[in-house]
Amino acid sequence: MNLNQLKYFSVLAKVQHYTKAANILSISQPSLSNSISSLEEELGTELFEKKGRNIFLTKYGRVFLKYVDSALDTLKLGEKEIYKITGSSKGLVDLAYTNDIDSTFLPNIIEKFYNSSNEKSQISFSFNQEDNLAIIDGLQDGRYDLGLCSHVIKTKDIEFLPIKRQNLSVVVSDLHELSNYESVDLRDISSYAMISFNPNNLIYKSITDMFVEVSTTPNVICEVKDIATLASLVNINYGISIVPETQYLNNFNVKVIPINNPFHERFIYLAFSKEKFQSPMVRLFKNFILEQSKIEFL
């Protein structure tokens, strides 16, 4: 096995979708499939299993991922130290992001960045999908350079700058009676069975505050950690939910319905440590994102 195979495996394990992983890695889907197949053949076991349009780690894949990520993290720390010491014009950007961010947002930023100047070809990226608190921990201990996440209040030494609006909407199965609605008032849907993010997800507080604002309480029947599980349950009409708008939902037989009451505005933030060293390449990419965000807020 080689280093590229391990990197490909790590990214695929986190996004759970061959096309999306190939786009992030800037390789063709057949090349990614062949690399993973070779890795599985060498290990003598299957690392992934397919369910519908998505793939999931097998129990052997989950065991292997822990060691792969640990090895890659160690190598990245060593690489960053060398870049810092030598002042090389090349650079590695460790970027972490939450799974509720629109799946097209990060690839679009990377594409614009590389297309903006030939100088950007000297930068490589490490992509890490985490929850908000894990991103903050990673920024504070130096594992990550930049984070795309929700704002976390009272966070020591971390700066949060808004870079994109992301509305919250109701999502229902195509079979649900609400699927005929063009917009909804939260007061009118509180009695429906609802699938919620768990309290550790910062979106949970935003949604809870929205229901408090209209003086009602949702009928929560279960809580989940991630948008993939939530969307799968909505897809089978187990319940409705409220989620950030994301094209990831296009993979399911669901309808996204705007909320007309209460009004709620949510933002994606660029987060970074105010005290940790940032290489010239990290600063270059950070400034590019901030310049792009100005277009969002014009």
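## Close-up views of rings, cysteines and a cavity

**View 1. Lys286 lies over the face of Phe272, at 4.3 Å from the ring centre.** A second example is Arg143, found over the face of Tyr144 at 5.1 Å from the ring centre. Here a charge sits over a ring if NZ of Lys or CZ of Arg is within 6 Å of the ring centre and within 35 degrees of the ring normal. Please keep in mind that this is a predicted model, in which local features need pLDDT of at least 70 and side-chain atom pairs count only at pLDDT 80 or more, while totals for chains, interfaces and linings use all residues. Residues are numbered from 1 along each chain as its sequence is written, and side-chain values use heavy atoms, with hydrogens and water left out.

**View 2. Phe125 and Phe127 form a stacked pair.** The whole structure has 12 aromatic pairs. In this one the ring centres are 5.7 Å apart and the planes meet at 20 degrees, so the pair is stacked. Rings of Phe, Tyr and Trp (its six-membered ring) pair if their centres lie within 6.5 Å; planes under 30 degrees apart count as stacked, over 60 as edge-to-face and the rest as tilted. Phe125 is buried at 15% relative accessible area, and Phe127 is buried at 12%. Buried means under 20% relative accessible area, exposed over 50%, and partly exposed in between (1.4 Å probe, protein chains only). Both rings belong to one aromatic cluster with Phe113, Tyr114, Phe285 and Phe288.

**View 3. Tyr248 and Phe252 meet edge-to-face.** Their rings are 5.4 Å apart centre to centre, with 65 degrees between the planes. Tyr248 is buried at 10% relative accessibility, and Phe252 is buried at 14%.

**View 4. Cys149 and Cys222 are shown in a structure with 0 disulfides.** A disulfide is counted when a pair of cysteine sulfur atoms lies within 2.5 Å. Cys149 is buried, with a relative accessible area of 2%, and Cys222 is buried at 18%.

**View 5. Asp73, Lys76, Leu77, Asp94, Arg143 and Tyr144 line the largest cavity.** On a 1 Å grid over the protein atoms alone, a cavity is a set of points where a 1.4 Å probe fits but cannot get out, and lining residues have an atom within 4 Å of a point. The structure holds 1 cavity of 30 Å³ or more, and about 40 Å³ of space lies in the largest cavity. Grid points are joined across faces, edges and corners, and a volume is the space filled by probe spheres set on the points.

Definitions and conventions: On a 1 Å grid over the protein atoms alone, a cavity is a set of points where a 1.4 Å probe fits but cannot get out, and a pocket is an open set with protein on both sides within 12 Å along at least five of seven lines; lining residues have an atom within 4 Å of a point.
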